[in-house]
Amino acid sequence: MAAARCKECGKPTRDRSYTGPFYPAGGSNPAIICGRGSCEEPAEEIWLKEEEITRYRNGDRIFDFNTFGGGKIKLADVNPTTTGTPT
Ligand SMILES: [Zn+2]
């Protein structure tokens, strides 16, 4: 599974087999958060494992991401589909 990291955290250290970085299509999304520990910075880099690099070379561009710490996404403060505060 691919790992999403901010520029500061960079290459995943727990598993040294990651290669990259690769970049999200259309640029990074500030709501997608770095997967390392308690880091809260936007994930600007995507790191791939060997089998994913093979898929990438074969034209695949869609990957599941974030092994360590799980996928993190930053939400807006207000949910526009409710009256304001989510219930
Ligand atoms: Zn980070």
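## Strands and the overall chain

Two strands are said to pair if DSSP finds at least two bridges between them. With that in mind, the model described here, which is a predicted one, can be read element by element. The chain holds 1 helix and 5 strands, and from the N terminus on these elements follow one another in the order β-β-β-β-α-β.

Two further figures describe the chain as a whole. Of its 87 residues, 23% are buried. Among the contacts in the chain with a separation of 6 or more, 75% are between residues that lie 24 or more positions apart.

## The open sheet

An open sheet is formed by 3 strands, which stand in the order β1-β4-β2 and pair in the antiparallel sense. The edges of this sheet are taken by β1 (3–5) and β2 (19–22), and because each of them has a single partner strand, one side of each is left without a neighbour in the sheet. From one strand to the next, the twist averages 30 degrees. As a general matter, the strands of a sheet pair through backbone hydrogen bonds, either parallel or antiparallel.

The two pairings can be followed residue by residue. Strand β4 (residues 45–48) pairs with β1 over 3 bridges, in the antiparallel sense, and here R5 has E45 in β4 as its bridge partner. The antiparallel pairing of β2 with β4 runs over 2 bridges, and T19 stands opposite L48 in β4.

Strand β2 also contains P21, and the peptide bond that leads from G20 to P21 is cis, with omega near 5 degrees. For background, most peptide bonds are trans.

## The nonpolar core

Which residues make up the largest nonpolar core? This core has 12 residues, namely A2, A3, A4, C9, Y18, I32, I33, C34, A43, I46, W47 and L48. At least two residues of the core are supplied by each of β1, β3 and β4, and the largest share, 3 residues, comes from β4.

Strand β4 deserves a second look from this point of view: E45 and W47 point one way from the strand, whereas I46 and L48 point the other way, and all of these residues are buried. The core residue A2, when residues up to four places away in sequence are not counted, touches I46, W47 and L48, as well as E52, F63, D64 and F65.

## A buried cysteine in a loop

The core also includes C34, a residue that is found in the loop between β3 (32–33) and β4. Why does C34 count as buried? A residue is called buried if 20 or more other C-beta atoms lie within 10 Å of its own, and C34 counts as buried because it has 24 C-beta neighbours inside 10 Å.

The surroundings of C34 bring together several parts of the sequence. Leaving aside residues up to four places away in sequence, C34 touches A4, R5, C6, C9, C39, E41 and A43. Another residue to look for is E8, which is 26 residues apart from C34 in sequence and 9.6 Å apart from C34 in space, taken from C-alpha to C-alpha.

Note on methods: Residues numbered from 1 in each chain as written. Predicted model: local features only at pLDDT ≥ 70, side-chain atom pairs only at ≥ 80, totals over all residues. Helix = DSSP H or I, 4+ residues; strand = E, 2+ residues; numbered from the N terminus. Axes fitted to C-alpha atoms, helices over the stretch in contact; angles between N-to-C directions. Contact = placed C-beta atoms within 7 Å. Core = buried A, V, L, I, M, F, W, Y, C linked by C-beta atoms within 7 Å.
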